[in-house]
Amino acid sequence: MANSNFDFLTEKWPILANLGETAERNVYTDPNTTLMKLRVFAETLTKYVLAYEEIKETFDTKQIDRINALRRDGLISPELE
């Protein structure tokens, strides 16, 4: 897709760019796909942040656990809560 809003992610995070582009491309034709891709986008993004911040997670870590870990470490601003 040309001129995706997620193109800026391509160089460093191609997986995120692809997920965002797919969500964007399907927003009007297949909204269920868009919602699923955005969920995976958010989960992948939080995994990247945890890895960058060297916060360990286990194989059974849920998304809410990741968000709570980021909140505990002060990495989520009050505006995002």
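## Working through a three-helix model

Just after H3, Gly74 has a positive phi of about 70°. Helices here are DSSP runs of H or I with at least four residues, strands are runs of E with at least two, and both are numbered from the N terminus. This is a predicted model, where local features need pLDDT of at least 70, side-chain atom pairs count only at pLDDT 80 or more, and totals for chains, interfaces and linings use all residues. Residues are numbered from 1 along each chain as its sequence is written, and side-chain values use heavy atoms, with hydrogens and water left out.

**Exercise 1.** Work out which pattern the protein chain follows along the sequence.

*Solution.*
- Start with the count: the protein chain has three helices and zero strands.
- Read along the sequence, and that gives α-α-α.
- For the overall extent, the C-alpha trace spans about 40 × 30 × 25 Å along its principal axes.
- Of the 81 residues, 30% count as buried. Buried means under 20% relative accessible area, exposed means over 50%, and partly exposed is in between, using a 1.4 Å probe and protein chains only.

**Exercise 2.** Find which residues of helix H3 are buried, and say how they sit around the axis.

*Solution.*
- H3 covers residues 63-72, and its buried residues are Gln63, Arg66, Ala69 and Leu70.
- They cover an arc of only 125° around the axis, so they lie on the same side of H3. That arc is taken from the directions that run from the helix axis to the C-beta atoms.
- A handy rule: an α-helix has 3.6 residues a turn, so residues three or four places apart point the same way.
- Now flip to the face turned away from the buried side, where Ile64 and Arg72 are exposed.
- Finally, H2 is among what covers the buried residues of H3.

**Exercise 3.** Take Arg66 and list what it touches, leaving out residues up to four places away in sequence.

*Solution.*
- Arg66 belongs to helix H3.
- It counts as buried because its relative accessibility is 7%.
- A contact means heavy atoms within 4.5 Å. With those sequence neighbours left out, Arg66 touches Glu43, Thr46, Lys47, Leu50, Glu57 and Thr61.
- As for Lys56, ten residues from Arg66 along the chain, the two C-alpha atoms are separated by 9.5 Å.

**Exercise 4.** Find the aromatic pair and say where its two partners sit.

*Solution.*
- Rings of Phe, Tyr and Trp (its six-membered ring) pair if their centres lie within 6.5 Å; planes under 30 degrees apart are stacked, over 60 edge-to-face, and the rest tilted.
- By this rule there is one aromatic pair.
- Its partners are Phe6 and Phe41, edge-to-face at 5.6 Å centre to centre, with 70° between the planes.
- The pair links distant parts of the chain, with Phe6 in the segment before helix H1 (14-26), Phe41 in helix H2, and the two positions 35 residues apart.
- Phe41 counts as buried because its relative accessibility is 15%.

**Exercise 5.** Describe the lining of the largest pocket by class, and name the helix that gives the largest share.

*Solution.*
- On a 1 Å grid over the protein atoms alone, a pocket is an open set of points where a 1.4 Å probe fits, with protein on both sides within 12 Å along at least five of seven lines; lining residues have an atom within 4 Å of a point.
- The lining is Phe8, Leu9, Trp13, Leu16, Phe41, Leu45, Tyr48, Val49 and Tyr52.
- Helix H2 (residues 31-52) gives the largest share, five residues.
- Ala, Val, Leu, Ile, Met, Phe, Trp, Tyr, Cys and Pro count as nonpolar, Asp, Glu, Lys and Arg as charged, and the others, including Gly, as polar. That makes nine nonpolar, no polar and no charged residues in the lining.

**Exercise 6.** Decide whether Glu54 is buried or exposed, and do likewise for Leu35.

*Solution.*
- Glu54 sits in the loop between H2 and H3, and its phi is near 55°, a positive value in a residue other than glycine.
- Glu54 is exposed, with a relative accessible area of 67%.
- Leu35 is in helix H2 and is exposed as well, with a relative accessible area of 58%.
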